[in-house]
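Reader: Could you take me through one part of this protein in close detail? I would like to start with the aromatic rings and then see how they sit within the rest of the fold.

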Amino acid sequence: VSDGYATVMLECGLPWRKIRELLNFNTYNIAGILLTHRHMDHAKGAADAAKSGHDIYASKGTFDVLKVPEHRMKIVAAGCQFEIGTWTILPFETIHDTEGSLGFYMVNTLGEAFLFMTDTGFTKVRFANLHVIACECNFIDQILTDNILSGALPAVVGHRVRRAHMSLKVFIDMLRSNDLSKCSAIHLLHMSSGNADEARMIREIQEQTGIPTRAA
Ligand SMILES: [Zn+2]
Ligand SMILES: [Zn+2]
């Protein structure tokens, strides 16, 4: 994500050499890499990114399982804001099944806020001045229930998804409880392959908010 001055990488969940390829090796302008939590779909490439000279910003709980060289570790914590270039970033706690998981509320020098939140059952936090939202919209309740009842999804996995990931309903409730008058774009992240319906999610969110929405 960039405000035109500073580019921040959100997560590093592929092998670093793969990420570099996908960016056509244009990684020189990355001012820092944020990790929400330690799960490998978010953190797999972080150690190698650090070894090639990038600072990693994450909680202590996340760094505990990653082999990031110490001088590249920027330990951040919920409620303690920090800066990367022109961005002021406030981490907040997310509700997941691992230690030290965070979401990031980022504000640029114009006061425009960007919300990055994934892998969380819900949030109690309210966010001001939202201009762009990139948030997990993982599953639809009824599809998840049907998949458990049909045996397509083991019940224990289904219950974990319910606790640790955000449903369409919870996402819409979250949107409703924030002031979206300045928001111009919603990006849906971390969508389940089996428990979601991309077209329905986009349609319902656009109907409820009037804001252009797309799935990453
Ligand atoms: Zn996770
Ligand atoms: Zn994840």
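How many aromatic pairs does the structure hold?

Author: Happy to. Please keep in mind that this is a predicted model. The structure holds 3 aromatic pairs. One of them is formed by Tyr57 and Phe82, and this pair is stacked, with 5.3 Å from centre to centre and 10° between the planes. Those two values are quoted because a pair of aromatic rings is described by the distance of the centres and the angle of the planes. For the stacked label, the planes have to be under 30 degrees apart.

The stacked pair links distant parts of the chain: Tyr57 belongs to strand E3 (residues 56-58) and Phe82 to strand E5 (residues 82-84), 25 residues apart. Are these two rings on buried or exposed residues? Tyr57 has a relative accessible area of 10% and is therefore buried. Phe82 is buried as well, at 14%. The cut-off behind both calls is that buried means under 20% relative accessible area.

Ring pairs also link Phe92, Tyr105 and Phe127 into a cluster. Phe92 is a good place to stop and look around. You will find Phe92 in strand E6 (residues 87-93), and its relative accessible area of 6% makes this residue buried. Not counting residues up to four places away in sequence, Phe92 touches Ala78, Ser101, Leu102, Gly103, Phe104, Tyr105, Leu115, Phe116, Met117, Thr123, Val125 and Phe127. Both of its cluster partners, Tyr105 and Phe127, appear among those contacts. Phe104 is on the list too; the C-alpha atoms of Phe92 and Phe104 are separated by 6.3 Å, with their positions 12 residues apart along the chain.

Now let us step back to the whole protein. There are 8 helices and 11 strands. The radius of gyration is 17 Å, close to the 17 Å that the globule rule gives for 216 residues, so the protein is as compact as a globular protein of that length. Along the principal axes, the C-alpha atoms fill a box of roughly 50 × 40 × 35 Å. Buried residues account for 48% of the 216 residues. Among contacts with a separation of 6 or more, 57% come from residues 24 or more positions apart. The accessible surface is about 10600 Å², and carbon and sulfur atoms own 52% of that area. As for charge, there are 21 positive and 23 negative side chains, and the centres of the two sets lie 3 Å apart.

Next, a look at the backbone. Most residues other than glycine have a negative phi, and most peptide bonds are trans. Glu11 has a positive phi of about 70° although it is not a glycine. Phe25 is also not a glycine, and its phi is positive at about 65°. Glu11 sits in the loop between strand E1 (7-10) and helix H1 (16-22), while Phe25 is in the loop between H1 and strand E2 (30-34). Their surroundings can be read from accessibility: Glu11 is buried, with a relative accessible area of 10%, whereas Phe25 is partly exposed, at 49%.

Another loop worth a visit holds Asn138, between strand E9 (130-136) and helix H5 (141-149). At 7% relative accessibility, Asn138 counts as buried. What is Asn138 in contact with, leaving aside its neighbours within four places in sequence? The answer is Val161, His165, Met166, His190, Met191, Ser192, Asn195, Ala196 and Met201.

Two histidines round off the tour. His159 lies in helix H6 (residues 155-164) and is partly exposed, with a relative accessible area of 43%. Between the C-alpha atoms of His159 and Glu136 there are 17 Å, and the two residues are 23 residues apart along the chain. His187 is found in strand E10 (residues 185-189). Apart from its neighbours within four places in sequence, His187 is in contact with Val132, Ile133, Ala134, Cys135 and Arg214. The C-alpha atoms of His187 and Asp48 are separated by 27 Å, and these residues are 139 residues apart along the chain.

To return to your starting point, the rings give you two places to look: the stacked pair of Tyr57 and Phe82, and the cluster that ring pairs make of Phe92, Tyr105 and Phe127.

How values were computed:
Residues numbered from 1 in each chain as written. Chains lettered and ligands numbered in written order. Predicted model: local features only at pLDDT ≥ 70, side-chain atom pairs only at ≥ 80, totals over all residues. Heavy atoms only, no water. Phe/Tyr/Trp six-rings, centres within 6.5 Å; stacked < 30°, edge-to-face > 60°. Helix = DSSP H or I, 4+ residues; strand = E, 2+ residues; numbered from the N terminus. Buried < 20%, exposed > 50% of the residue type's maximum accessible area, 1.4 Å probe, protein only. Rg over C-alpha atoms; globule rule 2.2 N^0.38 Å. Contact = heavy atoms within 4.5 Å. Areas by Shrake-Rupley, 256 points an atom, 1.4 Å probe, with all protein chains shown as cover. Lys, Arg positive; Asp, Glu negative; His and termini not counted. Charge placed at Lys NZ, Arg CZ, Asp CG, Glu CD.
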